[in-house]
Amino acid sequence: MSEGPVATIIRAKLTAGLSPLRLEVEDDSWRHAGHHHEGGMDAKPGGESHFNLVIVSAAFQGQSRLARQRAVNALLKDEMAGPVHALSIKALTPEEAS
């Protein structure tokens, strides 16, 4: 299954910003189709609005869990202001992932 345009942008931004050793971008939007979201928007079938991310990067070394989440959200701020409604982020250092 190929990635949609939003997932492709997410992958490119995270790759450029974090140089991850491992990056998983899972579109989980299908599980949320028809859910009512703040602002009156509903996830539409086929829409890219919910993602699960697994990122393994040395860039997270010495950062708290919150700092890691903020770093990822900062890289994806445009997507979070637009089509993306929710991100599940698992951000690990290489040591934590091994």
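A residue is called buried when its relative accessible area is under 20%. That cut-off is useful for reading this structure, which is a predicted model, and it applies first to strand E2, where six of the seven residues are buried, so that this strand is largely enclosed by the rest of the structure.

**The sheet**

Strand E2 belongs to an open sheet of three strands, arranged in the order E1-E2-E3 and with mixed pairing. Strands E1 and E3 stand at the edges and have a single partner strand each, so one side of each is left without a neighbour in the sheet. From one strand to the next, the twist averages 10°. The two pairings are set out below.

| Strands | Sense of pairing | Number of bridges |
|---|---|---|
| E1 and E2 | antiparallel | six bridges |
| E2 and E3 | parallel | seven bridges |

Individual residues show how these pairings are made: Val25 stands opposite Leu53 in E2, while Asn52 has Ser88 in E3 as its bridge partner, and Ile55 stands opposite Ala91, which is also in E3. In a regular strand, side chains alternate between the two faces of the sheet.

**The helices beside the sheet**

Helix H1 lies across E1 and E2 and runs at about 25° to E2, whereas helix H2, made of residues 65–75, lies across E2 and E3 and runs at about 125° to E3. Within H2 the buried residues are Arg68, Gln69 and Val72. Seen down the axis of H2, these buried residues fall within an arc of 100°, so they line one face of the helix. A general rule helps in reading such a pattern: an α-helix has 3.6 residues a turn, so residues three or four places apart point the same way. The buried residues of H2 pack against H1, E2, E3 and helix H4, which covers residues 94–97.

**The nonpolar core**

The largest nonpolar core holds 17 residues, and the members that touch the most other members are Ile10, Leu14, Phe51, Leu53, Ile55 and Val72. Two or more residues of this core come from each of H1, strand E1 (22–27), strand E2 (50–56) and strand E3 (86–92), and H1 gives the most, with five residues. Phe51 illustrates how parts of the chain meet here, since, leaving out residues up to four places away in sequence, Phe51 touches a list of residues that includes Val6, Ala7, Ile10, Val25, Val84, Ala86 and Leu87.

**Two residues looked at singly**

Leu18 is placed in helix H1, which spans residues 5–18, and Leu18 counts as buried because its relative accessibility is 8%, a value that falls under the 20% cut-off. Apart from its neighbours within four places in sequence, Leu18 is in contact with Ile55, Ser57, Ala59, Phe60, Val72 and Leu75. One of these partners, Phe60, is 42 residues away from Leu18 in sequence, yet the two C-alpha atoms are 8.5 Å apart in space.

Is Ser49, a residue of the loop between E1 and E2, buried or exposed? Ser49 is buried, because its relative accessible area is 8%, and the side chain of Ser49 also makes a polar contact of 2.7 Å with the side chain of His50.

Methods. Residues numbered from 1 in each chain as written. Predicted model: local features only at pLDDT ≥ 70, side-chain atom pairs only at ≥ 80, totals over all residues. Heavy atoms only, no water. Helix = DSSP H or I, 4+ residues; strand = E, 2+ residues; numbered from the N terminus. Buried < 20%, exposed > 50% of the residue type's maximum accessible area, 1.4 Å probe, protein only. Contact = heavy atoms within 4.5 Å. Core = buried A, V, L, I, M, F, W, Y, C linked by side-chain atoms within 4.5 Å. Pairing = 2+ DSSP bridges. Axes fitted to C-alpha atoms, helices over the stretch in contact; angles between N-to-C directions. Polar contact = N/O pair within 3.5 Å; in protein donor to acceptor, adjacent residues only side chain to side chain. Arc of directions from axis to C-beta.
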